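Here are some notes for a colleague who has not looked at this structure before. They are meant to be read with the model open alongside.

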Amino acid sequence: MRVLIAEDEQYLAESILEGLQHEGLAADLVFDGDTALERLAVNAYDVVVLDRDLPGTHGDDVCRWIIAQELPCRVLMLTAAADLDDKESGFEIGADDYLTKPFELRELVLRLRSLARRPKASLPPVLEYAGVRLDPFRREVYRNGRYVRLAKKQFAVLEILLAAKGGVVSAEELLERAWDEHADPFTNAVRVTMSTLRKVLGEPWIIHTVPAVGYRVLPPGEAPAETSGADADDEDDEVGE
């Protein structure tokens with residue numbers, strides 16, 4: 001594992017560096033956001049230990065840059081602020097984990113090893129595709145700038161479809177990921193929720209059915225011939241709230 005430490009408090013930063021090296025981890029150290037961006041542009045890291053209040057480029061902006069560039073590294077944010085709102089804002093920016101100062105080095109190492117084990121399939125903190133903007137933290141959805149109020153299951157299903165970026169998602173996968181383990185595998189909950197979701201989003205349809213395969217979201221006018229804009233047997237009743 002290779003780690004980039006971006007921390008402006010020199011004593012703390014050097015203590016982290018020494019501790020990680022003692023654990024056999026390869027680590028680089030920078031003291032400001034500008035240098036962090038330079039290192040990230042030329043080196044491949046597994047995890048970035050990122051102080052939020054960096055001089056130069058702010059830590060939040062470094063995190064945003066990592067997400068925008070789709071770098072294959074995870075971000076563990078450090079901050080002196082312990083309140084929940086501060087942590088929430090960090091996760092909204094795209095951080096994968098959070099650690100409040102002061103902390104035990106052992107905990108930091110455990111968190112780094114845990115992050116490095118996870119496969120990197122990072123999604124931006126806000127999903128935008130086919131004219132739809134979905135913010136999972138604020139639980140808000142907009143279509144072409146218009147606010148769309150969704151029920152819980154509608155939101156969950158839409159989030160999965162948008163994350164697929166036009167890929168087909170099967171009804172079985174939707175049922176597994178948006179419902180709990182007690183869901184009846186023979187239920188029509190997915191089909192009904194999809195029907196009501198289409199109607200709430202409005203025309204032109206962007207959710208398409210791929211017969212015998214699943215569902216996909218595509219920008220208006222890009223639906224291939226094998227898909228349809230709605231199920232022939234869609235129902236009006238909403239289930240699975």
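How many nonpolar, polar and charged residues are in the lining of the second largest pocket? The points below take up this question and then turn to a helix and a group of strands. Please keep in mind that the model is predicted.

1. The lining of the second largest pocket has nine nonpolar, four polar and two charged residues. The volume of this pocket is about 240 Å³. Of its 15 lining residues, Ala171, Glu172, Val190, Arg191 and Tyr215 are the closest to the centre.

2. Several elements contribute to that lining. At least two residues each come from α7 (171-178), α8 (189-201), β10 (207-210) and β11 (214-217). The largest share is that of α7, with three residues.

3. Helix α2, residues 33-42, has buried positions at Gly33, Ala36, Leu37 and Leu40. These four lie on the same side of α2, because the arc they cover around the axis is only 100 degrees. An α-helix has 3.6 residues a turn, so residues three or four places apart point the same way. Glu38 and Val42 are on the other side of α2 and are exposed.

4. What covers the buried residues of α2? The cover includes three strands, β1 (2-6), β2 (26-30) and β3 (47-51), together with helix α3 (59-68).

5. Strand β8, residues 140-143, pairs with two strands. With β7 (residues 132-135) the pairing is antiparallel and runs over four bridges. With β9 (residues 146-148) the pairing is also antiparallel, over three bridges.

6. Tyr142 of β8 can be followed across both pairings. In β7, the residue opposite Tyr142 is Arg133. In β9, the bridge partner of Tyr142 is Tyr147.

7. Both connections are hairpins. Four residues lie between β7 and β8, and Arg139 in that turn has a positive phi of about 55 degrees. Two residues lie between β8 and β9, and there Asn144 has a positive phi of about 50 degrees.

8. Which side chains of β8 are buried, and which are not? In a regular strand the side chains alternate between the two faces of the sheet. In β8, Val141 and Arg143 point to one face and are buried. Glu140 and Tyr142 point to the other face and are not buried. Tyr142, the residue opposite Arg133, therefore belongs to the face of β8 that is not buried, where buried means under 20% relative accessible area.

Technical notes. Residues numbered from 1 in each chain as written. Predicted model: local features only at pLDDT ≥ 70, side-chain atom pairs only at ≥ 80, totals over all residues. Heavy atoms only, no water. Buried < 20%, exposed > 50% of the residue type's maximum accessible area, 1.4 Å probe, protein only. Pairing = 2+ DSSP bridges. 1 Å grid on protein atoms, 1.4 Å probe; cavity = no way out; pocket = protein on both sides within 12 Å on 5 of 7 lines; lining within 4 Å. Points joined across faces, edges and corners; volume = space filled by probe spheres on them. Nonpolar A, V, L, I, M, F, W, Y, C, P; charged D, E, K, R; others polar. Arc of directions from axis to C-beta. Contact = heavy atoms within 4.5 Å.
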